[in-house]
Amino acid sequence: MPSDHLHGLTSKLTDEQSMAEQRRAVTETLLLRSFLSNENNGALTAAASEVTTTLVLSAFVTACMAFGLGNLMGYSSPTQSGIMEDMDLSLKEFSLFGSTLTVGAMLGAAIGGKVTDLLGRKGTMWILNVLYIGGWFAIAFAKVPWLLDLGRLSLGSVSGITGFLMPLYIAEITPKDLRGRISAIVPLMVCWGLSFIYLVGSFVNWRTLALIATIPGLLQLPLLYFVPESPRWLAKVGREKEVEDVLLCLRGEKVDISEEATEIKDYTESLRSVSKGSTLDVFQRTYARPLLIMAGLMALQSLGGIGAFAFYSGAIIQSAGISSLIGLITLAAVQTLLGLLGVMLLDKAGRRPLLLVSFAGLCFGSFLTGLSFFLKDFNWWDDGTPILALIGLLMYMGSSVLGAGIPWLLIAEVFPVNVKGSAGSICNLINNVFAWVISYYFNFLIQWSSAAFCAANYILVAKFIPETKGKKLEEIQESVTHSLQ
């Protein structure tokens, strides 16, 4: 018996050493190819950054998804009185309608990674588009309260999956030096969608607003026929012959994509040889620490109050004695400027510096907002506290759009394709659960705790988050999983 036990331990040790050797071989191959590419193929590297029609269409479809996400996040705020009056709902019933979005988001987050792995990135987009349009139609034509809730639940599931799918798809189809800039469009479009629904909701009734909110989904519908599937997902499921065709569409006919295609296939094959593709693979020692860091990043971001600040922004603006219209326009302008700054800087300054700036701004903005509430409680500086709250809100929301999408991008970049779905589901679920908690307890936490969580996230980023700009996904994943073991 001891002999059998010793033999089992020896076999296990041999297997682990073999796996480590395979991973080291892949790393060396990738680094060598990267070196040769930089030395001998400078022209091809520049050409690979060409913005093709297919890439633009794919980015536009993702932007429509992000705009629609902003629509569904902001819908309940300008429509509360109209829905309660027309449908004869009590405050409790309307609260159920509003909270159903979060329930759907948590359900979507729990299954989103598995769905994107089974159906593919494009296949999941088709399903989400149907649920998105159907959810809005259910709300627009609802005659009974349960149909309202059903539509809201459908939209919530879309929200839970979309938050993970958008950066994942962008990361897997874009060249390394355009990945950050295109990804930065997502949080900007979410903010525009939120501001749009607030603004239009001031002038139209809730049924018309629901029909208007279907526009992003209707725009996606014909374009989904023309956008490609992720080449990395195609390699993962064994459709290797399609990988080069998709890369040609994304990079352009004049670009030599053979090296990139070979690298994707080889790396995917190496993962297949050391992983069975099980959901439990993400809990292996190789991925445990990156998973813990990314889950902590998502949890602290939610605990920092981003969702609640967005929900209560109208109330904060009104408390400052400023009209909702002027306040929303000012907020949209600030977010647009900082969002465009993020688009320009994400591939130049890098992910890590922008995250640090973003969390510092979130911390200070939350502190100013909390300070205004503190001063108001003691009737100190009555004339200045509303303006202080507004300044804090603008700083907070502006900082959020600067860096809110980066954690999602990092999840898409750091984890390899064999565990990306599982890791994304876990991080996404944690994000939505804590978002619900912070929204529910926002009135208790707004004074100081929100700033403390933002400060904690700043420390987490400064200590553990690696820089990923300008690197291929396979290169990032190999370096991160080795350095964080």
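## Salt bridges in this model

A salt bridge here is a side-chain nitrogen of Lys or Arg within 4 Å of a carboxyl oxygen of Asp or Glu. By that yardstick, Glu413 and Arg179 make one through their side chains, at 2.6 Å from N to O. Keep in mind that we're looking at a predicted model. In total, the structure holds 13 salt bridges.

## Glu413, Arg179 and their network

Glu413 sits in helix H19 (residues 406-414) and Arg179 in helix H7 (residues 179-183), so this pair ties together parts that are 234 residues apart in sequence. Both Glu413 and Arg179 are buried.

The pair doesn't stand alone, either: salt bridges with shared partners join Arg179, Arg181, Asp347, Arg351 and Glu413 into one network.

## Lys420 and Glu172

Another salt bridge brings together the side chains of Lys420 and Glu172, with 3.1 Å from N to O. Here too the chain is linked across distant parts: Lys420 belongs to helix H20 (residues 420-440), Glu172 belongs to helix H6 (residues 145-173), and the two positions lie 248 residues apart in the numbering. As for solvent, Lys420 and Glu172 are both buried.

## A pair inside H5

Now for a salt bridge within a single helix. The side chains of Asp117 and Arg121 meet at 3.4 Å, N to O. These two are four residues apart in helix H5, so about one helical turn separates Asp117 from Arg121.

Are they buried or exposed? The cut-off for buried is under 20% relative accessible area. Asp117 comes in at 12% relative accessibility, so Asp117 counts as buried. Arg121 has 1% relative accessibility and therefore counts as buried as well.

## How H5 packs against H3

Helix H5 (residues 91-140) also packs against helix H3 (residues 53-74), at an angle of about 165 degrees and with the axes 11 Å apart. Angles over 145 degrees count as roughly antiparallel, and H3 and H5 are therefore roughly antiparallel to each other. Their crossing is left-handed.

Which residues do the meeting? On the H3 side you'll find Val61, Met65, Gly68, Asn71, Leu72 and Met73, and on the H5 side Leu101, Met125, Leu128, Tyr132 and Trp136. Sorted by type, the residues of this contact come out as nine nonpolar, two polar and no charged.

Note on methods:
Residues are numbered from 1 along each chain as its sequence is written. This is a predicted model: local features need pLDDT of at least 70, side-chain atom pairs count only at pLDDT 80 or more; totals for chains, interfaces and linings use all residues. Side-chain values use heavy atoms; hydrogens and water are left out. Axes are lines fitted to C-alpha atoms, for helices over the stretch in contact, and angles run from 0 to 180 degrees between N-to-C directions. Angles under 35 degrees count as roughly parallel, over 145 as roughly antiparallel, 65 to 115 as roughly perpendicular and the rest as oblique. A crossing is left-handed if the near helix is turned anticlockwise from the far one by less than a right angle, and right-handed if clockwise. Contact means heavy atoms within 4.5 Å. Ala, Val, Leu, Ile, Met, Phe, Trp, Tyr, Cys and Pro count as nonpolar, Asp, Glu, Lys and Arg as charged, and the others, Gly among them, as polar. Buried means under 20% relative accessible area, exposed over 50%, partly exposed in between (1.4 Å probe, protein chains only).
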